[in-house]
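Here are some exercises to work through with the model open in your viewer. Try each task before you read its solution.

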Amino acid sequence: MSSFRSVLVLLVLAGCQDATGLGERHILWFLSDRQGAIGEPLVDSTLAVFTSFSDMRVIGLDAHSGKLRWQTRLPLAAGVPYAGMPAGGILSAYQDLIIVPAWDVYALDRASGAIRWSFTEPDDYPGYNATVVAGGRVYTVGRDLYALDAASGVLKFRRSIGEQPFRPVVIDSVIYIATRREVFPGTLGNGHVMALNANTGTTIWSVPIEDPQDSGRGGSVGPVFVTDSMAIVAGQNAVVYALDRSTGQTRWIYNGAGVYSAGLAIVDHTVIVAGDVGVVEGVELATGHRLWQTGPGSSVTERITLGDKAALVSVGALFAFDANGQIRWQQGGAGFGGPVFSTAATYKNGLVYIGSVSPEAPGPGFYALRVP
């Protein structure tokens with residue numbers, strides 16, 4: 001990595017003053033909201049959907065103007081750990097429905113925000129983490145894995161894995177999922193990456209993700225990134241696993257830095273991953289060899305998402321890394337007089353949608369950014 005890039009990454013990830021001229025803001029629109037945002041936005045050609053940080057609202061905005069289309073306040077499920085949306089929730093869509101994991105699972109009318117169906121279980125929170133739609137079904141997770149009919153919310157199956165599942169991905173009738181299990185009372189750790197039959201929930205293969213020195217650093221919160229031939233997942237143990245998509249057999253293993261809870265993205269033939277030590281790393285897709293890494297900076301915990309030939313890394317400021325580790329553009333950051341972002345980013349048609357809970361001007365709320 002060039003010395004310029006090393007200095008740049010150290011400056012921007014640390015929130016220092018703008019010494020590089022990259023601090024110009026490109027805000028297309030901003031909607032202020034005192035409660036701020038949690039979770040990454042769901043965006044289609046005309047609608048951007050956000051979730052609020054602490055009061056269980058789902059907000060539908062015009063994707064091009066930011067004008068409020070609707071907002072819906074969902075009921076808070078009994079006994080939840082805190083009074084707000086679950087952290088790390090990923091929304092999905094089916095036909096004219098927006099599927100929202102909000103401790104329970106809700107399907108909202110895309111045009112009006114009205115609740116069309118909901119799904120709850122008395123002994124679990126089936127909308128604890130993330131939803132994905134495939135083949136007319138909604139796959140969602142609590143302590144167990146659920147498959148629901150997407151049109152009606154009727155339960156198709158419930159699968160107990162024996163571990164906490166996270167962020168399901170469904171490709172070609174296979175569910176790829178990462179897990180962690182309780183290794184001490186109230187503490188999750190060693191787990192697995194698994195492939196399951198999407199019609200029945202039965203296991204196709206399962207590979208352990210463990211840390212022999214510290215069981216609390218094992219397992220993964222996913223999501224699994226699936227290529228034509230491989231399933232690739234970043235573990236809490238600072239290891240990236242590339243597995244044969246069909247069999248689970250190990251293709252390669254990469255030992256990196258810190259705890260990986262932000263997932264990974266693949267740009268061209270480079271796997272881009274980052275962890276709690278703030279080091280962003282590029283790994284060759286074919287071999288698992290490290291190609292580049294940045295200097296340490298702010299902890300990366302929000303999910304790494306894909307932009308236009310770039311990985312979007314949200315750490316207060318938002319960075320777009322290309323396959324060679326170059327920062328193609330950067331937006332926001334308190335050290336640049338810009339907004340401080342709090343969520344993962346969603347790229348759509350040359351725009352990036354992202355949320356904030358931070359009081360730094362222009363404040364908490366929902367943003368659409370022009371890509372420089």
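**Exercise 1.** Find the salt bridge between glutamate 121 and arginine 158, and work out where in the chain its two ends sit.

*Solution.* Keep in mind that you're looking at a predicted model.
- Step 1: Check the distance. The side chains of glutamate 121 and arginine 158 meet at 3.0 Å, N to O. The cut-off for a salt bridge is 4 Å, so the pair qualifies.
- Step 2: Place the ends. Glutamate 121 is in the loop between E9 and E10, while arginine 158 belongs to strand E13 (residues 155-159). That puts them 37 residues apart, so this pair links distant parts of the chain.
- Step 3: Look at the surroundings. Buried means under 20% relative accessible area, so glutamate 121, at 18%, counts as buried. Arginine 158 comes out at 31% and is partly exposed.
- Step 4: Widen the view. Glu121 and Arg158 belong to a network of salt bridges that also takes in Asp123, Asp124 and Asp144.

**Exercise 2.** Which end of the salt bridge between aspartate 109 and arginine 116 is buried, and which is partly exposed? Then do the job again for arginine 181 and glutamate 163.

*Solution.*
- Step 1: Take aspartate 109 and arginine 116, whose side chains meet at 2.7 Å, N to O.
- Step 2: Read the accessibilities. Aspartate 109 has a relative accessible area of 15%, so it is the buried end. Arginine 116, at 43%, is partly exposed.
- Step 3: Move on to arginine 181 and glutamate 163, where the closest N and O atoms are 3.2 Å apart. Arginine 181 is in strand E15 (residues 174-184), and glutamate 163 is in the loop between E13 and strand E14 (164-171). The two are 18 residues apart.
- Step 4: Read these accessibilities too. Glutamate 163 is buried at 10%, whereas arginine 181 is partly exposed at 26%.
- Step 5: For context, a search of the whole structure turns up 17 salt bridges.

**Exercise 3.** How are the rings of tryptophan 103 and tyrosine 125 arranged, and which parts of the chain does the pair tie together?

*Solution.*
- Step 1: Pick the right numbers. A pair of aromatic rings is described by the distance of the centres and the angle of the planes.
- Step 2: Apply them. Searching the whole structure gives 11 aromatic pairs. In one of them, tryptophan 103 and tyrosine 125 are 5.6 Å centre to centre, with 70 degrees between the planes. Over 60 degrees counts as edge-to-face, so that's the label here.
- Step 3: Locate the partners. Tryptophan 103 lies in the loop between strand E7 (97-102) and strand E8 (104-109), and tyrosine 125 in the loop between strand E9 (115-119) and strand E10 (131-134), so the pair ties together parts that are 22 residues apart in sequence.
- Step 4: Check burial. Tryptophan 103 is at 1% relative accessibility, which counts as buried.
- Step 5: Follow the rings outward. Ring pairs join Trp103 and Tyr125 with Tyr82 and Tyr128 in a cluster.

**Exercise 4.** Describe the surroundings of phenylalanine 119, starting from its ring partner, tyrosine 146.

*Solution.*
- Step 1: Classify the pair. The ring centres of phenylalanine 119 and tyrosine 146 are 5.7 Å apart and the planes are at 65 degrees, so this pair is edge-to-face.
- Step 2: Place the residues. Phenylalanine 119 is in strand E9 and tyrosine 146 is in strand E12 (residues 145-149), 27 residues apart.
- Step 3: Check both for burial. Phenylalanine 119 is buried at 8%, and tyrosine 146 is buried at 0%.
- Step 4: List the contacts. Leaving out residues up to four places away in sequence, phenylalanine 119 touches Asp104, Val105, Pro126, Tyr146, Leu148, Gly153 and Leu155.

**Exercise 5.** In what order do the strands of the open sheet containing E1 run, and which strands are at its edges?

*Solution.*
- Step 1: Trace the order. The four strands go E1-E33-E32-E31, with antiparallel pairing.
- Step 2: Find the edges. Strand E1 (27-32) and strand E31 (346-348) each pair on one side only.
- Step 3: Add the twist, which averages 20 degrees from one strand to the next.
- Step 4: Zoom in on E1 and strand E33 (residues 365-370), which are joined by five bridges. Serine 32 has glycine 365 in E33 as its bridge partner.

How values were computed. Residues numbered from 1 in each chain as written. Predicted model: local features only at pLDDT ≥ 70, side-chain atom pairs only at ≥ 80, totals over all residues. Heavy atoms only, no water. Phe/Tyr/Trp six-rings, centres within 6.5 Å; stacked < 30°, edge-to-face > 60°. Buried < 20%, exposed > 50% of the residue type's maximum accessible area, 1.4 Å probe, protein only. Pairing = 2+ DSSP bridges. Axes fitted to C-alpha atoms, helices over the stretch in contact; angles between N-to-C directions. Contact = heavy atoms within 4.5 Å.
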